Amino acid sequence: MPRSESWQRDPESYPFSTVTETRFQDLDPLGHINNVAMAALFENGRVRFNRNLGLERRQPGERWLIASVSIDYVAEAHFPDPVEVMSGIGRIGSSSWDIYSAAFQQGVCVATCVSTLVLTDKNGPKPIPEPLRKRYEELLVRKTAG
């Protein structure tokens, strides 16, 4: 399985950040934040990224579908430390885009995530409108880390 790129594990790469508390129920039998809980933390980060930046607004009849989610577990995450999820746009296609995210605890990257979303209407995938495309371009990740 390919590992994330070094820039994906660098907090300076992302234009947005949100902090979420971990819960005791997020633990696996070994005392680590389990993979399902980590996916939920990334989902929370993605939703907050969209909401706080006005990206959840759609035209009537439009919807955003998750086409794929890929998570790379980099290090162990633990309760009770909060998780900071940082996010940005990684790719903009004709009707889809990728949100790149990384989760950090105490300044250490514990996981990275790439979520692909597709803009659709009743007829299937539809082109991303130019105003939305421009907003995504403002939120691109910075792939500058070594």
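Trainee: Which side chain makes a polar contact with the side chain of Thr112?
Mentor: In this predicted model, the side chain of Thr112 reaches a polar partner at 3.5 Å. Thr112 itself is found in strand 5, which covers residues 108–121. The partner whose side chain makes this polar contact is Ser4.

Trainee: Is Thr112 buried or exposed?
Mentor: The relative accessibility of Thr112 is 3%, and the cut-off for a buried residue is under 20%. Leaving aside neighbours within four places in sequence, Thr112 is in contact with several residues, including Gln8, Phe42, Ile71 and Ser101. Because its relative accessibility is 3%, Thr112 counts as buried.

Trainee: How many disulfides does a search of the whole structure find?
Mentor: A disulfide is a covalent bond between the sulfur atoms of two cysteines. The sulfur of Cys109 has its closest cysteine sulfur in Cys113, and at 11 Å the two are too far apart for a bond. Cys113 is accordingly in no disulfide. The number of disulfides found in the whole structure is 0.

Trainee: What is the relative accessibility of Cys113, and does that make the residue buried or exposed?
Mentor: It helps to take Cys109 beside it, since Cys109 has a relative accessible area of 8% and is buried. The limit for a buried residue is under 20%. For Cys113 the relative accessibility is 1%, and the residue therefore counts as buried.

Trainee: What distance does helix 1 reach from its first C-alpha to its last?
Mentor: Helix 1 runs over residues 35–52 and has 18 residues. At 1.5 Å a residue, a span of 26 Å is expected. The distance in the model is close to that expectation, at 26 Å.

Trainee: Which strands do the buried residues of helix 1 pack against?
Mentor: The buried residues of helix 1 include Ala37, Leu41, Phe42 and Phe49. One of them, Phe42, also appears among the contacts of Thr112, a residue of strand 5. The buried residues of the helix pack against strand 1, strand 2, strand 3, strand 4 and strand 5.

Trainee: At the start of helix 1, which backbone nitrogen does a side-chain oxygen of Asn34 reach?
Mentor: Here we are looking at the start of helix 1, while after its other end the helix is followed by Gly54, whose phi is positive, near 75°. At the start, the side-chain oxygen of Asn34 comes to within 2.9 Å of a backbone nitrogen, and that nitrogen belongs to Val36.

Trainee: In strand 3, which residue is the bridge partner of Phe16?
Mentor: Phe16 is on the covered face of strand 1, together with Thr18 and Thr20, whereas Ser17 and Val19 are on the uncovered face. Strand 1 pairs with strand 3 in the antiparallel sense, over 5 bridges. Within strand 3, the bridge partner of Phe16 is Ser87.

Trainee: Which side chain is joined to that of Ser96 by a polar contact of 2.9 Å?
Mentor: Ser96 has its place in strand 4 and counts as buried because its relative accessibility is 15%. Not counting residues up to four places away in sequence, Ser96 touches Arg91, Thr116, Leu117, Val118 and Ile128. Of these, the residue whose side chain is joined to that of Ser96 by the polar contact is Arg91.

Trainee: How many residues apart are Glu62 and Lys126?
Mentor: Glu62 forms a salt bridge with Lys126, and the closest N and O atoms are 2.7 Å apart. The pair links distant parts of the chain, with Glu62 in the loop between helix 1 and strand 2 and Lys126 in the loop between strand 6 and helix 2, so that the separation named in the model is 64 residues.

Trainee: Is Glu138 buried or exposed?
Mentor: The side chains of Arg135 and Glu138 meet in a salt bridge of 2.7 Å, N to O, and both residues lie in helix 2, 3 residues apart, about one turn of the helix. Arg135 has a relative accessible area of 26% and is partly exposed. For Glu138 the relative accessible area is 55%, and the cut-off for the exposed class is over 50%. Glu138 is therefore exposed.

Key
Residues numbered from 1 in each chain as written. Predicted model: local features only at pLDDT ≥ 70, side-chain atom pairs only at ≥ 80, totals over all residues. Heavy atoms only, no water. Helix = DSSP H or I, 4+ residues; strand = E, 2+ residues; numbered from the N terminus. Buried < 20%, exposed > 50% of the residue type's maximum accessible area, 1.4 Å probe, protein only. Polar contact = N/O pair within 3.5 Å; in protein donor to acceptor, adjacent residues only side chain to side chain. Contact = heavy atoms within 4.5 Å. Expected span 1.5 Å × (residues − 1). Disulfide = S-S within 2.5 Å. Pairing = 2+ DSSP bridges. Salt bridge = Lys/Arg side-chain N within 4 Å of Asp/Glu carboxyl O.
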